[in-house]
Amino acid sequence: MFLSYDETLKNMLKAVPKWRVKERVPLSGAFGRVLAVDVRAEAACPEFATASMDGYACKAADLKEGAMLKVVGALPAGSEPSVAVGAGECVKTFTGSLMSEGADTLLPIENVTAEGDGIWVDKPVSAGFAVRAVGESYEEGELLLSRGAELGFSEIALLAELGLSWIDVLARPRVGILSTGSEICDLGARKSRKSQIYSSNNVAIATLVRSLGCEALMLPVVADNVTALKEAIEGAIASCDFLVTTGGVSVGDFDFMRDFVKSRGELLVDKAAIKPGRHIKVAKMEGKFIFALPGFAYSSAVTFLLYFREFLAAMLGTGRGYRFKAVLANDYAKKSPFEECSAATLVNENGTLKISTQGMKRGSSAIISNLNKNAVLLVCPQNRADGLKAGEIVEFIQI
């Protein structure tokens, strides 16, 4: 019996632990990392009223067209205000400078005519103009970033603004990647028979693992041998946080990975009504998780995205979503009774996002090149036996 993708995903996510391993890294090396703590503002920003442009700090009550104000000082950015502004007075003030005591408005340089030690108001402005109020960016004690936030350039800029040089992030999970199969030839080795193919699954999965902020440990390829497979898995479980395998999960006589995870692990996912990858297995073994993916290149990549990526997002608490909507550009004929994930391309046509499967090869689950050129995965639900029609709003998965 094949459970639906949503059912298997729900069953797996119930078992997801919270990742609590932290490390402290310099801010310069924090890009792409996941925040391990909440970050709150220790002070308001700005902490004091600040000029947002060049001009004259003055009182709004004095700003009438044709009025003359006496310039009683100048205040470059970085200087401390030393002169208070009284009625009919102003202080020449520059972008980023603190506002002088008594001033509540910044009159732009372009709005005045300077003459001697005074200025004439050519064009008044409203009270508070060009003044950054205390707490405009954030208030003291405000939650600025939550645990699970992924640190991009703006988050790092914010942390730098707070004066932080080091930050606590979640340590990178260590993911072992193991390709299995007697037909697999490791990269750099010489093929000994025509039936062999070079291993690409482990390279693809390792690249995906790193793109998700994990450490990837590529293990040597293992042939279809029960003893060798057992030793490889036990070694990986001992040294890695998670293990992703490819191959050996179907119904063949030499699909030993299937039997191993069933006999040694607590199965969280045992097949799913999806194409490709319906024989996927996810198991828990000795407190670690094993993701046993199909051996075909396209299948292994798709099932990795459908299961391991979702597992990781839930574990790290990033809350990242990968499903979006677009308008289908061409009819899509369904080829199986399962939920299908087919390679597709996105095109922006006059502001409308359209998705197309034209030009993609649907012959087998081995065609990894279908995922080239920023492809996405078109989702055809299990209950759509007649497929999808052009013009429909459909779901796709970002890769």
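Modeller: Let me start with the yardstick: buried means under 20% relative accessible area, exposed means over 50%, and partly exposed is in between. Please keep in mind that this is a predicted model.

Colleague: Thanks! Why is Glu392 called partly exposed?

Modeller: Its relative accessibility is 22%. Buried would need under 20% and exposed over 50%, so a value in between makes Glu392 partly exposed. Its side chain meets that of Arg384 in a salt bridge, and Arg384, at 27%, counts as partly exposed too.

Colleague: What makes the contact of Glu392 and Arg384 a salt bridge?

Modeller: The N to O distance is 2.9 Å. The cut-off is 4 Å between a side-chain nitrogen of Lys or Arg and a carboxyl oxygen of Asp or Glu, so this pair qualifies.

Colleague: How many salt bridges does a search of the whole structure find?

Modeller: The search finds 11. One of them joins Asp168 and Arg24, at 2.6 Å from N to O. Asp168 sits in strand 12 (residues 166-170) and Arg24 in strand 1 (residues 22-26), so the bridge ties together parts that are 144 residues apart in sequence.

Colleague: Are Asp168 and Arg24 buried or exposed?

Modeller: Asp168 has 18% relative accessibility, which is under 20%, so it counts as buried. Arg24 has 56%, which is over 50%, so it counts as exposed.

Colleague: What makes Glu150 and Arg320 a salt bridge?

Modeller: Their closest N and O atoms are 2.2 Å apart, and that is within the 4 Å limit, so the pair counts. This pair links distant parts of the chain, 170 residues apart: Glu150 is in the loop between strand 11 and helix 2, and Arg320 is in the loop between helix 6 (297-316) and strand 22 (323-328). Glu150 has a relative accessible area of 28% and is partly exposed; Arg320, at 36%, is partly exposed as well. There is also a salt-bridge network that links Lys230, Glu234, Arg264 and Glu286.

Colleague: What is notable about the phi of Glu286?

Modeller: Glu286 has a positive phi of about 55° although it is not a glycine. Most residues other than glycine have a negative phi. Glu286 lies in the loop between strand 20 and strand 21 (288-293), and its 61% relative accessible area is over 50%, so it is exposed. Ala130 also has a positive phi, of about 60°. Ala130 is in the loop between strand 9 (118-121) and strand 10 (131-132), and at 14% it falls under the 20% limit, so it is buried.

Colleague: Which peptide bond leading to Pro46 is cis?

Modeller: The one from Cys45 to Pro46, with omega near -5°. Pro46 is in the loop between strand 2 (39-40) and strand 3 (50-51). The bond from Lys275 to Pro276 is cis too, with omega near 5°, and Pro276 is in the loop between strand 19 (274-275) and strand 20 (281-285). In general, most peptide bonds are trans.

Colleague: Now the cysteines. Why is the pair Cys58 and Cys90 too far for a bond?

Modeller: The sulfur of Cys58 is 6.6 Å from its closest cysteine sulfur, in Cys90. A disulfide needs the two sulfur atoms within 2.5 Å, so this pair does not qualify. The structure holds zero disulfides.

Colleague: How do you know that Cys58 is buried?

Modeller: Its relative accessible area is 0%, under the 20% limit, so Cys58 is buried. Cys90 has 0% as well, so it is buried too.

Colleague: Which residues gather in the patch of positive charge on the surface?

Modeller: Lys18, Arg20, Lys22 and Arg147 do. Patch members need over 30% relative accessible area, and Arg147 has 32%, so it passes. Arg147 is in the loop between strand 11 (143-145) and helix 2 (153-161).

Colleague: And which residues make the nonpolar surface patch?

Modeller: Leu187, Tyr198, Val203 and Met218 make that patch, of about 360 Å². Val203 has 31% relative accessibility against the 30% limit, so it passes. Val203 is in helix 3 (residues 201-211).

Methods: Residues are numbered from 1 along each chain as its sequence is written. This is a predicted model: local features need pLDDT of at least 70, side-chain atom pairs count only at pLDDT 80 or more; totals for chains, interfaces and linings use all residues. Side-chain values use heavy atoms; hydrogens and water are left out. Buried means under 20% relative accessible area, exposed over 50%, partly exposed in between (1.4 Å probe, protein chains only). Patches are made of residues with over 30% relative accessible area and no salt bridge: like charges are joined within 9 Å, nonpolar side chains (Val, Leu, Ile, Met, Phe, Trp, Tyr) within 5 Å. Accessible areas come from the Shrake-Rupley method with a 1.4 Å probe; for residues, only the protein chains shown count as cover. Lys and Arg count as positive and Asp and Glu as negative; His and the chain ends are not counted. The place of a charge is taken as NZ of Lys, CZ of Arg, CG of Asp or CD of Glu. Helices (H or I, at least four residues) and strands (E, at least two) are DSSP runs, numbered from the N terminus.
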